[in-house]
Amino acid sequence: MDFKNDLDELRFSVKYPFTSVAKGLVRRMNIDLKSNDPEIVEVIDTAKKRIKEDLRGGVILDPRQKLTRALEIQLLSYPVARILVALSRNNFMKKRFAEGESNTMRKFLMGAPDEEVAYLLPELGIKAEGGSIHFKDYIMFMPDDEQYRLFYQSISSGYVSINRDLIVEIMTSAYRRHILDTLSNYPSDFEFLKKELPDIQIKRFERFEYTGKANADAFPPCMKNLLAEAAAGEHLGHSARFAIAAFLVNVGYPIDKIVDVFKNQPNFKEKLTRYHVEYIAGKKDGKKRLPPSCEKMKTYALCVNPDALCSRVKNPLSYYKVKMRNKRGRG
Amino acid sequence: MITLEELNAKTWLREKFREYYAKEGVEPPPMIWQREFGVGNEKKIDYRHMSFRDDKELLGYLRSTTPLYISYSAGYYKFPSATPMEKKGMLGADLIFDFDLGDISDTCSSGFPTVECLGLVKNEVVKLIEEFLIPDFGFSKDDILVFFSGSKGYHIHIRNDLVFDLDQRARKELVDYVSAAGMNVRFFLRREGKSLHGPLPSSNGWGGRLAKELVKVISEYPPEKARNILGVSKSVFQKISTRRGELVDGMNRGLWDLVPVSMATWEVMLSSLALRLGVKLDRNVTIDMSRLIRLPTSLHGSSGLLVERVKNLDKFNPLEDAIVFGRKYIRLHVKRNLEFYLGGEQKIEAGEVELPEFVAVYIVAKGEGEPIGEL
Ligand code: SF4
């Protein structure tokens, strides 16, 4: 990437703080987070603000800003925010942070010139050639909607040719994944920043606290995972939604509670969801639907972290029943 | 319960396998210390969660314990023998495609596999490689290892960095792509203003594949065959067939409605073609990253045939080429009259017979006879 001048380079780095250019700048600034310098205090405060904004969906940045100092602080807030989030050891926060940061990048990408996009692709580890990207990156990061499935794309010699908008979507999820992967290491060199953590603690989304007969501890790994994803507001595909709803119906969750499970879905429509859940519960035709078998769950890629008990059951529901029986036996 | 005869048969068979492994050994998979193994004598897998530190250990095991079946994981693990599964720490996995007679034709799924039936499976393997893996995904021939499964099918293993860290969802996307599973052909057609646009026969990927095949079927096949392939009624076909020149002409320009064909008819025709052009295989094996697959270059306990690397798929005939045992005569008690192909046509009558070792091993492995005397 050619920059007209230092300011240009700095502005680019504010927009794309994950690039090697930006990392180089940060390194050259050579800051000491342990010092009590007013500038450092400001960087840390900005980082905390950044995290809060990320949790709400994205950061508000001002790369057009003329003041070098203000730009530098914006840039530095990124690595510091990452350190704080990693120190928190809170997976929920990590997810939301990754989401927020990648959304922010998406906004910049949408208005960016083509050469900027082309420059950023390899920075995100995406293999590209002309307007096409490698099928591996495509299938790893493609959006969930049916229309994006690989069948419907034009693919040849390993490369999928897609339009700009779709490239931007792929870059966004590649970046999200990249952040999550790199946040899993605990930055022990920065333990001294732990004192900042209380400021960024967030109220979690309401947990599923239904305490009727159903005992969520006894849920199989697949369902626990789906519920966690639903709680974190991750977009769930059709089969995933069906699987949870049918499972919860069968362990005796009330309809209202099940509808609530989906309320963080990006495209949540209360009425429609209720209609589906009632259908699954057999309100329409008296037939209660069963959750998919483990085998089906596997083909939908919904079976995650199966445990020892899993190998003895054929349906997530039987997992629950066995576990409950054991619990009662012991209790 | 297994009977005494079966026990004897199995002991004899394992002895034969032992002799073979002592002489020929096996070719261990790369990164053997990161693989999980599973072995069996009663079932294909009686025990799993096993691991071997190195090639020597594996070979030693095959020569001393000699299971009738041995499988290994497509996955690579930090701790391949740890249980439960999630403690293994998966690092990545090879990409596997599994082809079996049972997935291809009902008539082929029972009894002794025939050359013709195995040929049908081979066609699917060729289709996957020539129509999908190479042109669409850009794999090179060297990336694609083909193995005869040792019994009724083939396995393809792709081992490289590219596929190593594909997750489950990505693997599903790949296998759905090649098999057209869950494809909704409506997505290939778009209405723009008044006209219906579709892929060109020269387009890449499935769009082009479907358009090209449609043009070919309509313009080159005899009418009755074409109609069957497309799965439409006589009257609908009549309408299309009489104006096929125009239809093809339009499709070559991406315009699919020069001849009025209802959306429902397009869907029927394209879906029939997708079914025909998609590869028939066992999707689960590709998707399930912790699956165990028959170990290449081992012997298969239900046939005594070699799980052989196939170098020249065109010429390969498993019922000739995967035979490893010799022609020394063995006395056998055969349970019923048998007719099958193995290194030539075999016609064997029930009762006490003397048969070349490779035939004897095959019959015993299939549970159709027991060796006499040699025990
Ligand atoms: S094996 Fe069945 S119950 Fe266990 S995680 Fe998978 S789908 Fe769920």
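Visitor: What relative accessibility does B:Arg276 have, so that it counts as partly exposed?

Guide: In this predicted model, local features need pLDDT of at least 70 and side-chain atom pairs count only at pLDDT 80 or more, while totals for chains, interfaces and linings use all residues, and side-chain values use heavy atoms, with hydrogens and water left out. Residues are numbered from 1 along each chain as its sequence is written, with chains lettered from A and ligands numbered from 1 in the order in which they are written. B:Arg276 falls in the partly exposed class, which lies between buried (under 20% relative accessible area) and exposed (over 50%), with a 1.4 Å probe and protein chains only. Its relative accessibility is 34%.

Visitor: Which residue forms a salt bridge with B:Arg276?

Guide: A salt bridge here requires a side-chain nitrogen of Lys or Arg within 4 Å of a carboxyl oxygen of Asp or Glu, and the N to O distance for this pair is 3.4 Å. The partner is buried, with a relative accessible area of 10%. The side chain that meets B:Arg276 in this way belongs to B:Glu213.

Visitor: How many residues apart are B:Arg276 and B:Glu213?

Guide: The salt bridge between B:Arg276 and B:Glu213 links distant parts of the chain, with B:Arg276 in helix 11 (residues 263-277) and B:Glu213 in helix 7 (residues 205-220) of chain B. Helices are DSSP runs of H or I with at least four residues, strands are runs of E with at least two, and both are numbered from the N terminus. Along the chain, the two partners are apart by 63 residues.

Visitor: Which residues do salt bridges that share partners join into one network?

Guide: The count by the salt-bridge rule comes to 45 over all chains. Some of these share partners, and one network formed in this way joins A:Arg149, B:Lys172, B:Glu173, B:Asp176 and B:Arg283.

Visitor: How far apart do the C-alpha centres of domain 2 and domain 3 of chain B lie?

Guide: Chain B is divided into domain 1 (4-179 + 281-321), domain 2 (185-277) and domain 3 (329-374), with bounds that come from an automatic or database domain assignment. The C-alpha trace of the chain spans about 80 × 50 × 35 Å along its principal axes. Between domain 2 and domain 3, the C-alpha centres are separated by 52 Å.

Visitor: What share of the contacts in chain B with a separation of 6 or more comes from residues 24 or more positions apart?

Guide: A contact means heavy atoms within 4.5 Å, and the chain concerned has 14 helices and 16 strands. Of its contacts with a separation of 6 or more, residues 24 or more positions apart account for 67%.
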